[in-house]
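Hi everyone, thanks for making the time. I'd like to walk you through one model this morning, so please have the viewer open and follow along.

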Amino acid sequence: MDLIVPVSQTHEGFYSLQHVHRESSVKTSLGTRARARARARSNFVLGYKTRFLAFSDGNRNGCKRIEGPRKHRRNQVFAALRVDTFSSNGKLPHAEKNQHGHLSGGSHASNSSSNIEEHESNNHLRRLVRNGELEDGFKFLESMVYKGEIPDIISCTSLIRGFCRIGKTRKATRVMEILEQSGAVPDVITYNVLISGYCKSGEIDNALQVLDRMNVAPDVVTYNTILRTLCDSGKLKQAMQVLDRQLQKECYPDVITYTILIEATCKESGVGQAMKLVDEMRNKGCKPDVVTYNVLINGICKEGRLDEAIKFLNDMPSYGCQPNVITHNIILRSMCSTGRWMDAEKLLADMLRKGCSPSVVTFNILINFLCRQGLLGRAIDILEKMPKHGCTPNSLSYNPLLHGFCKEKKMDRAIEYLDIMVSRACYPDIVTYNTLLTALCKDGKVDVAVEILNQLSSKGCSPVLITYNTVIDGLSKVGKTERAIKLLDEMRRKGLKPDIITYSSLVSGLSREGKVDKAIKFFHDLEGLGIRPSAITYNSIMLGLCKARQTDRAIDFLAYMISKRCKPTEATYTILIEGIAYEGLAKEALDLLNELCSRGLVKKSSAEQVAVKM
């Protein structure tokens, strides 16, 4: 699938520059680091998150009370002793000088030792984060800051990113809070990672809160991340407010910013309104690129103005921008969807003449269109031409062909092209196999379907729920429910949970085979899983009971159905009427039919069809 606009911009492209900045910032003087460590100890112990101690002032006599659970008493005592060594502003008291003018107490040696310990701690933190041991990394970060060590910003940024990737945004925020309290200064990249994590998890309000409390100036990446999320959520008005805020902060939008907003405007207000943003963009000296124009062309096509889109495509060079393969694919897809095949062929020829090489997506659009039109021969011609243009067909190239052959019940051709795919090192995906299995089961060739299903795992393609459901349904319809039940056991062993479709197929098949008691057992298994059976499932049981001349049980099942608040259908009633007649009680069945018809529960036309059978 072509991407018309880029995915959310990240800061990765600027990483090396930030790394240099960070490396240089690490080389601070010993005195500065000592003061930072002192602040870190004080901040961490006195911080609003830990709340171990409450002080009236900074001296050692100012401690009012010690709070916290009983099991933390020992730690609190040591915390109090640690804080007691600092003065009220969090700095070390001035050391006394000896007679030679040197600091007493070996202060320089102590600082050097602390620096080495801090360096080793940061190395260990990096290893934990690099190995994906996020929880251990978090605990180690807490211990580092408690000891007054300054954590490495890059490692903390990676830790935040790791927690965001697994959806633990609150934990990521806690890392940021610890980092801020430690005396370290997070840079814009660190904030961008956290904001991106919130945006990806749909927590846009939290992302905006982080934007509000940033200690450094947001950059264009920060704003683009938020704007993309707001626009994708249909909140264009709020996005425009964020843009105004961005301009007030003198953080100027780039081409990505405007393209995000133009795409959202096309969707919400139409291309005409979006063109005003393009004019504004140009007036501010920001030149639209090919992605911007692709967004506009896509919007024009979706509004059904294909001829205008083609003109826009031809005019693009005069705007100083050459259309790319994605531009052509947008037009090509619109041509095919409106049935303009001749124009599509002409566009492909123009692409080649201009030196714009078609992509796999280009050919897949054409193959898909031809297969939908039933022109499988022409689709095969396109498929065979792909390698000449440097394109290797993928599973999306073959799937429409297989579907076309299956639709025409040409199963031999479908299997032939499946073999061709594999011989060309294009391995079918689960969609390919599901298409083939559905067609085989509909054609009654369930044994072939079972054989293909058994080979899937060895071909590196794991069956999914729909795969098993297709074959189980096929087996159940041809009277092979015992084999279907074995497949049910197999799918459970593989960790797949059967659903209403799985059980309905089995219940229906067992009822048809006269194995009603077994069908009822599976029915109750379905209920035991907390799945509510449908009217179709109830009807299958009642049909089986009526065929077994057990209409009394069928009527009881109807009462059970109503008690479970499952509304009977017209088919429910006709099954019962035919069952009563099948037992030789034709008059009683006819009386019931007339009564149900008068109540509007059975249509007159349906009643006439049932009456004829009696």
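Let's start with what covers the buried residues of H13: the cover includes helix H11 (236-248), helix H12 (255-269) and helix H14 (290-302). A word of caution before we go on: what you see is a predicted model. H13 itself runs over residues 271-283, which is 13 residues. From its first C-alpha to its last, H13 reaches 18 Å, close to the 18 Å expected at 1.5 Å a residue.

Which residues of H13 are buried? They are Val271, Ala274, Leu277, Val278 and Met281. Looking down the axis of H13, you find those buried residues within an arc of 105°, so they line one face of the helix. The general background is that an α-helix has 3.6 residues a turn, so residues three or four places apart point the same way. Turn to the other side of H13, and you meet Lys276 and Asn283, which are exposed. After H13 comes Gly285, with a positive phi near 80°.

While we're on phi, here are two residues that may catch your eye. Glu250 is not a glycine, yet its phi is positive, about 60°. Glu250 sits in the loop between H11 and H12, two of the helices I just named as covering H13. Is Glu250 buried or exposed? With a relative accessibility of 59%, Glu250 counts as exposed. The other residue is Arg549, also a residue other than glycine, with a positive phi near 60°. You'll find Arg549 in the loop between helix H28 (535-547) and H29. Its relative accessible area is 47%, and Arg549 is partly exposed; the exposed class needs over 50%.

From that loop, let's step into H29, residues 551-563, where Leu558 has its place. Leu558 has a relative accessible area of 13% and is buried. Setting aside residues up to four places away in sequence, Leu558 touches Met542, Pro568, Thr572 and Leu576. Leu558 and Ile541 are 17 residues apart in sequence, and their C-alpha atoms are 9.9 Å apart in space.

Keep Met542 in mind, as it comes back when we look at the core. The largest nonpolar core has 153 residues, and those that touch the most other members are Ile226, Ile262, Leu296, Ile331, Leu401 and Met542. Take Leu401: beyond its neighbours within four places in sequence, Leu401 is in contact with Cys371, Leu376, Ala379, Ile380, Leu383 and Tyr417. There is also a second, separate core of 9 residues, including Ile577, Ile580, Ala589 and Leu596. As general context, nonpolar side chains tend to be buried together in soluble globular proteins.

Ile226 from that core list leads us to Ile195, in helix H8 (residues 188-200). What does Ile195 touch, not counting residues up to four places away in sequence? The partners are Ala207, Val210, Leu211, Met214, Thr222, Thr225 and, yes, Ile226. At 1% relative accessibility, Ile195 counts as buried. Between Ile195 and Thr169 there are 9.5 Å, C-alpha to C-alpha, with the two residues 26 apart in sequence.

Now for some helix packing. Helix H20 (residues 395-407) and helix H22 (residues 430-442) have axes that come within 9 Å and cross at roughly 5°. H20 and H22 are therefore roughly parallel to each other. On the H20 side, Ser395, Asn399, Leu402, His403 and Cys406 meet Val431, Thr432, Thr435, Leu436 and Ala439 of H22.

Further along, helix H24 (residues 465-477) packs with helix H26 (residues 500-512) at an angle of about 10°, and their axes are 9 Å apart. That makes H24 roughly parallel to H26, as the cut-off for that class is an angle under 35 degrees. Here Leu465, Asn469, Ile472, Asp473, Ser476 and Lys477 of H24 meet Ile501, Thr502, Ser505, Leu506, Gly509 and Arg512 of H26.

Let me finish by zooming out. The protein comes to 32 helices and 2 strands. It has 614 residues, of which 46% count as buried. And for contacts with a separation of 6 or more, residues 24 or more positions apart account for 61%. Thanks for listening, and I'm happy to go back to any of these spots in the viewer.

Conventions: Residues numbered from 1 in each chain as written. Predicted model: local features only at pLDDT ≥ 70, side-chain atom pairs only at ≥ 80, totals over all residues. Heavy atoms only, no water. Helix = DSSP H or I, 4+ residues; strand = E, 2+ residues; numbered from the N terminus. Expected span 1.5 Å × (residues − 1). Buried < 20%, exposed > 50% of the residue type's maximum accessible area, 1.4 Å probe, protein only. Arc of directions from axis to C-beta. Contact = heavy atoms within 4.5 Å. Core = buried A, V, L, I, M, F, W, Y, C linked by side-chain atoms within 4.5 Å. Axes fitted to C-alpha atoms, helices over the stretch in contact; angles between N-to-C directions. Parallel < 35°, antiparallel > 145°, perpendicular 65-115°, else oblique.
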